[in-house]
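I opened the model and took notes on strands, rings and pockets. Here is what I looked up, in order.

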Amino acid sequence: MDYKNAGVDIEAGYKSVELMKEHVKGTMRPEVMGGLGGFSGAFSAAAFKEMDEPVLLSGTDGVGTKLKLAFLMDKHNTVGIDCVAMCVNDVACAGGEPLFFLDYIACGKNVPEKIAEIVSGVAEGCKQSGAALVGGETAEMPGFYPEDEYDLAGFAVGAVDKKDLITGEKLAAGDVLIGMASSGVHSNGFSLVRKVFEQELTAEGLNTYYEELGTTLGEALIAPTKIYVKALKSVKDAGITIKACSHITGGGFYENIPRMLKEGTRAVVKKDSYAVPAIFRLLADKGNIEEEMMYNTYNMGLGMILAVDPADVDKAMEAIRSAEEIPYVVGSIEAGDKGVTLC
């Protein structure tokens, strides 16, 4: 009896590391110390030593049941982007620059080529956000996960000068809300998605082309989460103060927008200020989901919302476009009970 007989292939683990090295190499930053394979990832404080009062920020998350789609479609090169996005977007909406990222993959059977494909997506997400992929863990857990399934999670660490933290304390009535377009459902609410499209969750169903989507159902649903790090940095580099910022994730508008507000302020979002993507209309119609539930579960086409002074709106919109994201003026801040009104 040996470890391989028990279901854990050490040689496959070694091969996975070799295959992923090329992807990881492309994420390196000057502050990274040492290579892949050490017991810990080392990152120099040079990245933030010039800050007056450096503050470290962190975010952790996973991809959730969206992975079920990856299994069905046998498509594993984009879910890593989702994993990174869910973490670095949280860091960025506090004003931080993501510095490094680590991932965790748990699987029933280590298939090196599949693991490398997953990590290629993680590396792409790191490139998009400017974070270095400094390490991770692949855990082969036979008997715990089915052989053809895995879980994927990770965490990001970033930094910001204390004076640049986005806290919402500078919010005032009259400030303008700008939303940035999402790429679709992102990585939240997939348990409901899978329930609604239960009959379509087959190779044939997911490969079905929908005219209103302009693509297949599978491709529309698995589209990776947008990473807004560069767009938010572009706004900051334009000399604009972002007064408050919210990453629209699980809980949709009703849970996430109030998190960026201070007491005595209320966000008013105009639902007709932008076009809700077709995937959400299809989901709501097919599942007979009430509008309030949709806005309480999904991003509805806006993955990030920020508040700026009215005088900065045009400049902020231009900065976001220069980062190749699509901005919309979607509402404003009013005096009132802390919360959000959709109208």
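**Entry 1: strand β4 and its partners.** I began at the end of one pairing: C107 has E140 in β5 as its bridge partner. I take helices (H or I, at least four residues) and strands (E, at least two) as DSSP runs, numbered from the N terminus. Two strands count as paired if DSSP finds at least two bridges between them. β4 and β5 (residues 132–140) pair in the parallel sense, over eight bridges.

Before going on, I noted the ground rules. The model is predicted, so local features need pLDDT of at least 70 and side-chain atom pairs pLDDT 80 or more, while totals for chains, interfaces and linings use all residues. Residues are numbered from 1 along each chain as its sequence is written, and side-chain values use heavy atoms, with hydrogens and water left out.

I then looked at the other partner of β4. Ten bridges join β4 to strand β6 (residues 150–161), and the two run antiparallel. Here E97 is matched with A159 of β6.

Is β4 enclosed or open? Eight of the eleven residues of β4 (residues 97–107) are buried, so this strand is largely enclosed by the rest of the structure. Buried means under 20% relative accessible area, exposed over 50%, and partly exposed in between (1.4 Å probe, protein chains only).

I also checked the connection. β4, helix α4 (residues 112–129) and β5 form a right-handed β-α-β unit. Right-handed means that, with the strands pointing away from the viewer, the path from the first strand over the helix to the second runs clockwise.

**Entry 2: the four-stranded sheet.** I wrote down the order β3-β6-β4-β5 for this open sheet, with mixed pairing. Its edge strands are β3 (54–62) and β5, each pairing on one side only. The twist averages 15° from one strand to the next. Angles run from 0 to 180 degrees between N-to-C directions, with axes fitted to C-alpha atoms (for helices, over the stretch in contact). β3 joins β6 through nine bridges, running antiparallel. P54 stands opposite D161 in β6.

**Entry 3: an aromatic pair.** I found six aromatic pairs in the structure. One of them is F71 with Y150, edge-to-face, at 5.0 Å centre to centre and 75° between the planes. The two rings sit 79 residues apart in the chain, F71 in helix α2 (residues 67–73) and Y150 in strand β6. Rings of Phe, Tyr and Trp (its six-membered ring) pair if their centres lie within 6.5 Å; planes under 30 degrees apart are stacked, over 60 edge-to-face, the rest tilted. Y150 is buried, at a relative accessible area of 5%.

**Entry 4: the six-stranded sheet.** I moved to the other open sheet, with the order β10-β12-β7-β13-β11-β14 and mixed pairing. β10 (244–247) and β14 (339–342) are its edge strands. Neighbouring strands are turned by 25° against each other on average, direction ignored. Within this sheet I followed β11 (residues 265–269), which five bridges join to β13 (residues 327–335) in antiparallel fashion. V269 stands opposite G331 in β13.
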